[in-house]
Amino acid sequence: MTTFAVRPGSSRQLAGTATLLRFALRRDRVMIPVWIAVNALMVLSMPGTLEGLYGTPAERADLIRQMETNSSLRAMVGPVFGDSLGALTAWRVGVYAGALAAVMSLLIVVRHTRDEEESGRQELVASGMVGRRASLTAALLAAVVANGVLALLVTAGLAGQGTTGALALGLGIAAVGMVFATMAAIVAQLTESARLARGLTAAVLGAAFVLRAAGDSATDDGSSVLTRLSPLGWLENLRPYASERWWVLALFAGAVALQGAVAYALAGRRDLGMSFLPTRPGPASGRLGSAGALAWRLQRGGVLGWSIGFFLAGVVYGGMTDGAADLVGDNDNARRIIERMGGQSGLTDAFLASMIGMLGLIAALYIVASVLRLHGEETSGRAEPVLANAVGRVRWAAGHLVIAFGGAALIMLLAGLGFAVGYGRETGPILGACLVQLPAVWVVGGVTVLLHGVLPRAALAAWGIAGAVLLIGWVGPALDVPQVVLDVSPFGHLPKLPGGSMQWGPTLVLTGLAVLLVSGGLAGLRRRDMTT
């Protein structure tokens with residue numbers, strides 16, 4: 001087992017950090033800008049949207065009164081602390097912007113720490129003049145750069161609503177990102193698998209969201225103990241544009257410093273490639289006797305996590321449906337946005353369709369991650385021993401693709417069941433509305449398969465495609481963008497269910513397109529050389 005040489009002195013411990021940082025930023029020159037752009041555009045688009053929705057003091061006062069009594073919507077977006085456009089922007093997107101920053105940060109840190117060790121590249125780097133903690137430092141600095149740019153964009157973009165509030169919101173979002181960056185750094189030392197490190201850190205983020213939601217549903221001022229246990233709740237209690245509580249930033253700073261110190265201590269106490277929680281060796285036969293069984297073993301944790309998350313999201317959104325209709329009330333602008341997202345139908349059906357559509361967009365992220373498992377297995381060299389046996393490339397890939405495309409169907413079905421549980425009626429139409437999202441999800445998955453099969457070095461660009469689809473579907477209707485822009489996304493061609501009429505033509509065309517994309521990707525995989 002290769003180990004780092006012991007180099008006394010802090011400067012030698014960090015030798016090569018600048019070079020590794022430049023390399024990390026170069027590798028992430030697509031991923032980081034996409035994540036920053038999606039997050040920043042989501043935040044910066046809100047003031048104009050909210051001004052159209054709640055343009056008068058009376059409408060804003062009515063919104064605040066309704067939020068004080070609507071615990072379901074508080075659980076979704078948090079309480080309102082002010083009636084200015086800046087305060088409403090922080091209320092509407094603050095929690096979600098913080099969560100997106102957290103996901104971006106954990107992906108960056110795990111990619112440049114545990115992913116590098118798992119692929120064997122870190123062993124080559126460690127053979128040079130590189131300090132023991134240089135890779136960890138470079139990964140964290142890359143997260144600092146990404147979150148810093150995001151904070152600058154948010155602050156500059158919202159300065160017109162008030163410089164102080166804009167600075168508070170920008171710093172708060174970046175601080176949430178850094179909390180989960182340092183948490184990912186700890187988990188990367190504890191686990192031997194990058195996949196597990198990402199999954200565990202994402203599970204902590206999910207728990208933080210649940211804690212905040214539970215706390216906010218109980219109180220209307222963010223004072224619940226559950227809210228204060230969550231970093232997302234800290235962002236909420238920073239109260240941008242509403243008598244900012246600057247001392248909350250000390251909580252973020254303390255958490256980042258403590259978690260960073262723990263990560264550095266752990267990094268100095270283990271061998272390269274090892275972990276404090278080693279992976280339990282699995283059986284070499286039986287359940288792992290086929291390529292498909294191996295793919296299931298590798299991805300079953302992710303499928304389980306996404307399944308639980310989608311079912312719970314369905315329960316929450318289903319329970320909010322009646323309350324959302326009450327909140328919109330007679331607000332014509334809010335009604336128009338929801339109906340544009342969910343189709344021209346009754347407000348309740350339109351809200352259900354828009355929320356189901358949002359889960360469909362998120363399911364596109366699942367299928368990209370699942371398909372790219374093929375890319376990870378190939379570049380890490382783990383695919384070669386499998387393919388050296390009597391296993392063809394298509395058969396090897398098919399095991400992962402069945403889980404990716406079938407898993408997308410599973411999580412959307414569970415989301416539909418969750419909606420049925422939360423809403424309590426219209427089970428059949430809701431399940432149908434969830435399943436009709438699948439052709440568009442599969443198209444995104446098909447593009448990912450095509451990139452991996454034909455242009456493996458550009459496979460990670462699938463994240464950019466998924467981010468663009470998410471941005472168009474999430475922000476486009478609120479900004480009243482032209483229909484031609486919405487039609488760029490495959491989700492723009494789906495029927496708006498429940499409430500609308502089923503349109504088989506576009507659905508079948510999207511399904512056929514997904515089949516063609518997957519076929520093209522598999523054909524490319526069969527003909528090209530394997531990469532390492």
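Residues 24 or more positions apart in sequence supply 77% of the chain's contacts with a separation of 6 or more, a contact being heavy atoms within 4.5 Å. The model is a predicted one, in which local features need pLDDT of at least 70 and side-chain atom pairs count only at pLDDT 80 or more, while totals for chains, interfaces and linings use all residues. Residues are numbered from 1 along each chain as its sequence is written, and side-chain values use heavy atoms, with hydrogens and water left out.

The chain has 25 helices and zero strands; these are DSSP runs numbered from the N terminus, with at least four residues (H or I) for a helix and at least two (E) for a strand. Of the 532 residues, 53% are buried, where buried means under 20% relative accessible area, exposed over 50% and partly exposed in between, with a 1.4 Å probe and protein chains only.

The largest nonpolar core takes in 142 residues. Such a core is a set of buried Ala, Val, Leu, Ile, Met, Phe, Trp, Tyr and Cys residues joined through side-chain atoms within 4.5 Å. Ile173, Trp396 and Phe419 are among the residues with the most contacts inside it, and helix H7 (residues 85–111) gives the most to this core, chipping in 18 residues.

Ile173 also turns up where H11 meets H14, touching down there alongside Val176 and Phe180 of H11, among others. The axes of H11 (residues 163–190) and H14 (residues 231–238) come within 10 Å and cross at roughly 165 degrees, so the two helices are roughly antiparallel (angles over 145 degrees get that label). By class, their contact has nine nonpolar, one polar and no charged residues. Beyond its neighbours within four places in sequence, Ile173 is in contact with residues including Asn39, Val43, Ala97 and Leu235.

Phe419, for its part, sits in the contact between H20 and H21, as do Leu413 of H20 and Ile430 of H21. H20 (residues 393–423) and H21 (residues 427–435) pack at an angle of about 150 degrees with their axes 8 Å apart, which makes H20 roughly antiparallel to H21.

Then there is Met530, in the segment after helix H25 (504–527). Met530 counts as partly exposed because its relative accessibility is 23%. Leaving aside neighbours within four places, its contacts include Glu378, Arg393 and Trp396. Met530 and Gly381 lie 149 residues apart in sequence, yet 9.3 Å apart in space, C-alpha to C-alpha.

Technical notes: Axes fitted to C-alpha atoms, helices over the stretch in contact; angles between N-to-C directions. Parallel < 35°, antiparallel > 145°, perpendicular 65-115°, else oblique. Nonpolar A, V, L, I, M, F, W, Y, C, P; charged D, E, K, R; others polar.
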